[in-house]
Amino acid sequence: MASAAVLERTLIAVKPDGVQRRLVGRVIQRFEQRGFKLVGLKMLQVSEELLSQHYCELRMKPFYPSLLHYMTSGPVVVMVWEGHNVVQTTRMMVGHTNPVEARAGTVRGDFGIHVSRNVVHASDSLEGAKREIQLWFQGKELLNWDKHATNFATLWLH
Ligand code: GDP
Ligand code: MG
C-alpha cells in the first residue's frame, strides 16, 4: 500500500469572493466527498509579496494589477489536499478559469460569476503544486494522519 508520503498533494484556495459569499464549507465538502484528505488548512490576509511569487508567471499580463487587488480584497482560505491524482482531479472539479466556460457541476461552473471573480484556486501541475505548497505552508503546518478506522484495533474503547 502506498504510504502517505508518496501520495500527491495540491494547493486549493477559496479566494476572497468565495469567503465573502460563504462558500468555504461547500468547497471543502466537495473535496472531502470525493475522497481526498485534508492535510493543511488556514485563513489569512495575503500579502502582495506572497501573491507576486504565487502568480509570478502572470506578472506581465494586463489583468495582473486587478488580480492583485482582487486577491488582497479580503481573507482567503488555503488548503492542502492529498490523494491519488489529486492535482488533475481537483483541477477538473474546479473547472475552467473563466466561469462562462466552466461546466455545471464544477466549482466555478456552479458558483463563478466572472473570470476576475472565480471563487477558487487550484494548482495546475505536480511541479506547480509542490512550489505553491512550499510557498504558502511551513512543513509543520501539514499533518500526516490516518483514518481512525485504519487503526481501530489500537484506538477503540479506552
Ligand atoms: P487558473 O489556474 O484557472 O486559476 O488560471 P490562471 O493561472 O491562468 O490565472 C490565475 C487567475 O488570474 C485566474 O484564476 C483568474 O482569477 C485571473 N485571471 C486569469 N485570466 C484573467 C483575465 O483574462 N482577466 C482577469 N481579470 N483575470 C484573469
Ligand atoms: Mg493557474
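The legends below accompany close-up views of a predicted model.

**View 1. The whole chain, seen as a succession of helices and strands.** The secondary structure of this predicted protein comes to 8 helices and 4 strands, and along the sequence these elements follow the pattern β-α-α-β-α-α-β-α-α-β-α-α. Along the principal axes, the C-alpha atoms fill a box of roughly 55 × 35 × 25 Å. The radius of gyration is 16 Å, which agrees with a compact globule, because a chain of 158 residues would then be expected to have a value near 15 Å. Buried residues account for 28% of the 158 residues, and of the contacts with a separation of 6 or more, 72% join residues 24 or more positions apart.

**View 2. The annotated domain.** An unreviewed UniProt entry places the feature "domain: Nucleoside diphosphate kinase-like" at residues 7–144. Over residues 7–144 the chain is 41% helix and 17% strand, while the C-alpha atoms at the two ends are 11 Å apart.

**View 3. The largest nonpolar core.** This core has 28 residues, and the members that touch the most other members are Leu11, Ile12, Ala13 and Val120. At least two residues of the core come from each of S1, H2, strand S3 (76–82), helix H5 (86–94), H6, S4 and helix H7 (126–136), with the largest share, 6 residues, supplied by S3. Ile12 is in contact with Phe31, Met79, Trp81, Thr90, Val120, His121 and Ala122, if its neighbours within four places in sequence are left aside. In soluble globular proteins, nonpolar side chains tend to be buried together.

**View 4. Thr10 in strand S1.** Thr10 has its place in strand S1 and counts as buried, because 28 other C-beta atoms lie within 10 Å of its own. Beyond the residues up to four places away in sequence, Thr10 touches Trp81, Val86, Val87, Thr90, Ala122, Ser123 and Ala129. The C-alpha atoms of Thr10 and Met79 are 8.2 Å apart in space, although the two residues are 69 residues apart in sequence.

**View 5. Lys15 and the annotated binding site.** The annotation "binding site" in the unreviewed UniProt entry covers Lys15, Phe63, Arg91, Thr97, Arg108 and Asn118. Of these annotated positions, Lys15 is found in the loop between strand S1 (9–14) and helix H1 (16–20). Lys15 is a charged residue that nevertheless counts as buried, because it has 23 C-beta neighbours inside 10 Å, against a threshold of 20 or more. Not counting residues up to four places away in sequence, the contacts of Lys15 are Met71, Val76, Val119, Val120 and His121.

**View 6. Arg108 and Gly112.** Arg108, which the UniProt record also includes in its "binding site" annotation, lies in helix H6 (residues 107–111) and is buried, because 24 C-beta neighbours fall inside 10 Å. With residues up to four places away in sequence excluded, Arg108 touches Val94, Gly95, His96, Pro99, Ala102, Asn118, Val119 and Val120. Gly112 lies in the loop between H6 and S4, and Gly112 is likewise buried, because 24 other C-beta atoms are within 10 Å. Under the same exclusion of sequence neighbours, Gly112 touches Pro99, Ala102, Asn118 and Val119. The C-alpha atoms of Gly112 and Asp17 are separated by 9.4 Å, with their positions 95 residues apart along the chain.

**View 7. The surroundings of ligand 1.** The residues around ligand 1 are Leu58, Phe63, Ser66, Leu67, Thr97, Val115, Ser116, Asn118, His121 and Asp124, and this shell divides into 4 nonpolar, 5 polar and 1 charged. Among them, Phe63, Thr97 and Asn118 are also covered by the "binding site" annotation of the UniProt record.

**View 8. Positive phi values at Arg22 and Val119.** Arg22, a residue other than glycine, has a positive phi near 60° and is found in the loop between H1 and helix H2 (24–34). Arg22 counts as exposed, because it has 8 C-beta neighbours inside 10 Å. Val119 has a positive phi near 70°, again in a residue other than glycine, and lies in the loop between H6 and strand S4 (120–122). Val119 is buried, because 25 other C-beta atoms lie within 10 Å.

Note on methods: Residues numbered from 1 in each chain as written. Chains lettered and ligands numbered in written order. Predicted model: local features only at pLDDT ≥ 70, side-chain atom pairs only at ≥ 80, totals over all residues. UniProt positions renumbered as here; feature names shortened; annotations may be inferred. Buried ≥ 20, exposed ≤ 12 C-beta atoms within 10 Å, placed from the backbone. Contact = placed C-beta atoms within 7 Å. Near = placed C-beta within 6 Å. Rg over C-alpha atoms; globule rule 2.2 N^0.38 Å. Core = buried A, V, L, I, M, F, W, Y, C linked by C-beta atoms within 7 Å.
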